[in-house]
Structure formats: structure tokens, C-alpha cells
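Subject: Structure handover

Hello,

Please find the structure below. My notes on it follow.

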Amino acid sequence: MIEYHADDYGMFRTQSRHIIDCYHNGALNGISIMPNSPYLAECMDEIKDFKKKIAITVHLNLVEGQPLTGAKASKLIDGDGNFSIGFGKLLLVGFVPVLRRIYYRQIRREMEAQILSCREYMNDGKFRLDGHVHYHMLPLVFDAIMDVVKEHNLEVSYIRFPREDLNLYRKVSGKIKGIKLINIVKVLVLNTLANRNERKYEDMLVSLGVQRKFFMGVMLSGHMFYDNVKECIPVAADIMADKGLQDMEILFHPGDVTDITEVSQITSKDDLDFLNENSVNRQKEAEALVKFGGGLKR
């Protein structure tokens, strides 16, 4: 089974409607929801009639907007109270024992607040977890998440491990466009972190029954266009068969932010660039989801 997944649902009203249009008119069957967004509740109300038909995941967030724990997340925010902690910094902090303890307490508290705040939105009472800009793969963050899961005895059916098979892209080389050097670096880093996290928590993941899925979406991040993804799917299916995997998550970002009011509320420069300045690419990813659905109307 292919899960055609969109991140960032609930970030803003209009942006979220762009995402859900891909369900009504296309192949979209999974979304990740922004737990700290002030608009999440009303955006979830928009999908109440068909919520159970979509795989819903908590999009744990240390990048965009403000923390649910407010000033208690002082190490993670700027003077305006917005998240402002870099991926690289959090990676390095994890190797310094004194700093690790300080940051861990704040991250764990925030992860707990975000996860539990989304309990009512999970289907069948089981959590699915991933992270905005894949911050959840950082060892410091992942350790905090797993401690929250253990302490609260949470049922977790899926955690995104954004590990990509480099053989896939070698085999379709020349047939796809848009791979950037920075994305190659991201894949190598995330593959390493995913391997670490799976090794450390192997027994716990097995006991939880966390589903394993083939993943695609970082190497072509920003360019998950129809022609690119179409070339990758058959090759990915062959690799999956060799690995004994039956399910795949393909990650898209179809939620462009072009409403003036919403643009003014973006707090992350990277999100501004990705969702607004590159809004044409977000719209192309939305078009891809519609094409994969064959113009399906639901």
C-alpha cells in the first residue's frame, strides 16, 4: 500500500484547505498535523466527516510558531517566544552532557505537551509520530519522545524513520530532475540518525508493534513532482519486495502559504522560503497528488 502523505496540516486555515483539496480530488490518504498551531482545532473540524479515512500523524514541531510550554522552553525560543533552535545545534548539544540535560528537560516537556494535545485526533486511539523538518530524528529529541511514550504507556502504530535507499536514485538517475547537493547531505545525515534510533530502541519498537514502511521524500524534497515520483515508484516497489516490505510512505508538501495574513505569521525563514517563496513548487506537488488519484472525486 502507498500512503500519499502531506505534512503541515493545520498550520494555517487556507494552507490546510490546499492540502485537503488533494484528498477530495486526488490520492492523498495521510496527513501530519501541527500540534502547536492555534488553528489546528478548527482545521481538524474541517475533516471530521472523513477523518477516519486518513492516516493522521502528530507532526512534532521545534521549528515553526511558539511552544505549547511557553517560557518553560526558554532554550528553544527567541525573544518573541518563537522556536529558533537549529538542527545542527541540537545535534551537537546532544554530545555535551551538561547541555544535554538542560535541553533534554525542555524538549521532553514540549514533546509531551504536543503528543498528548493530539490524543483526541488520533484514529483508533493509536499515535503516529513524525517531525517538522525531521527534527524528531535528532537523538536528543528522539530519546525524549520515546521516554514520553514509555512513561504514558502510549500505543504507537507508526513512527516515520525518514531513511531513503540510495539505490533507488541511482537506478532512476537521468530520469528525474531536482536533486540538490543539500538534499543528498540531508539523506546521509537522516539515514545515520534513523539507524541509530532504530538500533537503540529496537526492542521497544517491536513491543509497540510500530509499522515499518519504505520512505521517499527527502532526496527530492521541494521537487516531489508527478514525473519524478512516477519514475521512482516502480523501482521502489522492486526494492521493497527485496526487503520484504509491503507499505510505502511518499511525502509531499502541497500546502503552499500565499494568503497575505498567513504569510505574515510564518516565524521560520526556512518555512517562508519553502512554503511561500517556492509556492509554485508546492502547487506542483498538489497537482501530482491529484494526478496520482486519477482525478478521483471524494
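**The nonpolar core**

The largest nonpolar core has 96 residues, and the members that touch the most others are Ile33, Leu90, Ile107 and Leu129. Helix α5 (residues 139–151) gives this core its largest share, 8 residues. As background, nonpolar side chains in soluble globular proteins tend to be buried together. Please keep in mind throughout that this is a predicted model.

Leu129 can serve as an example from the core. Beyond its neighbours within four places in sequence, Leu129 is in contact with Thr57, Val58 and Leu60, and also with Ile115, Ile145 and Val149. The rest of its contacts are Val156, Tyr158, Ile159 and Arg160.

**The chain as a whole**

There are 12 helices and 7 strands in the chain. The radius of gyration is 18 Å, close to the 19 Å that the globule rule gives for 298 residues, so the chain is as compact as a globular protein of that length. Along the principal axes, the C-alpha atoms fill a box of roughly 50 × 45 × 40 Å.

Burial applies to 55% of the 298 residues. Among contacts with a separation of 6 or more, 80% are between residues 24 or more positions apart. The chain exposes about 13500 Å², of which carbon and sulfur atoms supply 51%.

On charges, the chain has 39 positive and 40 negative ones, and the mean positions of the two sets are 4 Å apart.

**The loop between β4 and α5**

Two residues here may be worth a look when you check the backbone. Val133 is in the loop between β4 (127–131) and α5. Its phi is positive, about 60°, although Val133 is not a glycine. His134 lies in the loop between β4 and α5 as well, and its phi is near 60°, again a positive value in a residue other than glycine.

Are these two residues buried or exposed, or partly exposed? Val133 has a relative accessibility of 43%, so it counts as partly exposed, the class between 20% and 50%. His134 has a relative accessible area of 11% and is therefore buried, the cut-off being under 20%.

Which residues does His134 touch, leaving out those up to four places away in sequence? They are Phe87, Arg160, Pro162, Leu190, Phe215, Val218 and Leu251. Of these, Arg160 is 26 residues from His134 in sequence, with 8.8 Å between the two C-alpha atoms. Arg160 is also one of the contacts of Leu129.

**Three helix residues**

Arg108 is in helix α4 (residues 97–117). At 15% relative accessibility it counts as buried, because the limit is 20%. Not counting residues up to four places away in sequence, Arg108 touches Ala144, Asp147, Val148 and Glu151. The C-alpha atoms of Arg108 and Leu140 are 9.0 Å apart, with the two positions 32 residues apart along the chain.

Ile239 belongs to helix α9 (residues 226–243). Its relative accessibility is 5%, so Ile239 is buried. With residues up to four places away in sequence set aside, Ile239 touches Asp165, Asn167, Leu168, Lys171 and Phe214. Leu90, one of the core residues named at the start, is 149 residues from Ile239 along the chain, and their C-alpha atoms are separated by 33 Å.

Phe292 is in helix α12 (residues 279–292). Outside the residues up to four places away in sequence, Phe292 touches Tyr4 and Ala27, together with Tyr226, Val229, Lys230, Ile233 and Phe252. For Lys230, the distance to Phe292 is 8.6 Å from C-alpha to C-alpha, and the two are 62 residues apart in sequence.

Regards

Technical notes: Residues numbered from 1 in each chain as written. Predicted model: local features only at pLDDT ≥ 70, side-chain atom pairs only at ≥ 80, totals over all residues. Heavy atoms only, no water. Helix = DSSP H or I, 4+ residues; strand = E, 2+ residues; numbered from the N terminus. Rg over C-alpha atoms; globule rule 2.2 N^0.38 Å. Buried < 20%, exposed > 50% of the residue type's maximum accessible area, 1.4 Å probe, protein only. Contact = heavy atoms within 4.5 Å. Areas by Shrake-Rupley, 256 points an atom, 1.4 Å probe, with all protein chains shown as cover. Lys, Arg positive; Asp, Glu negative; His and termini not counted. Charge placed at Lys NZ, Arg CZ, Asp CG, Glu CD. Core = buried A, V, L, I, M, F, W, Y, C linked by side-chain atoms within 4.5 Å.
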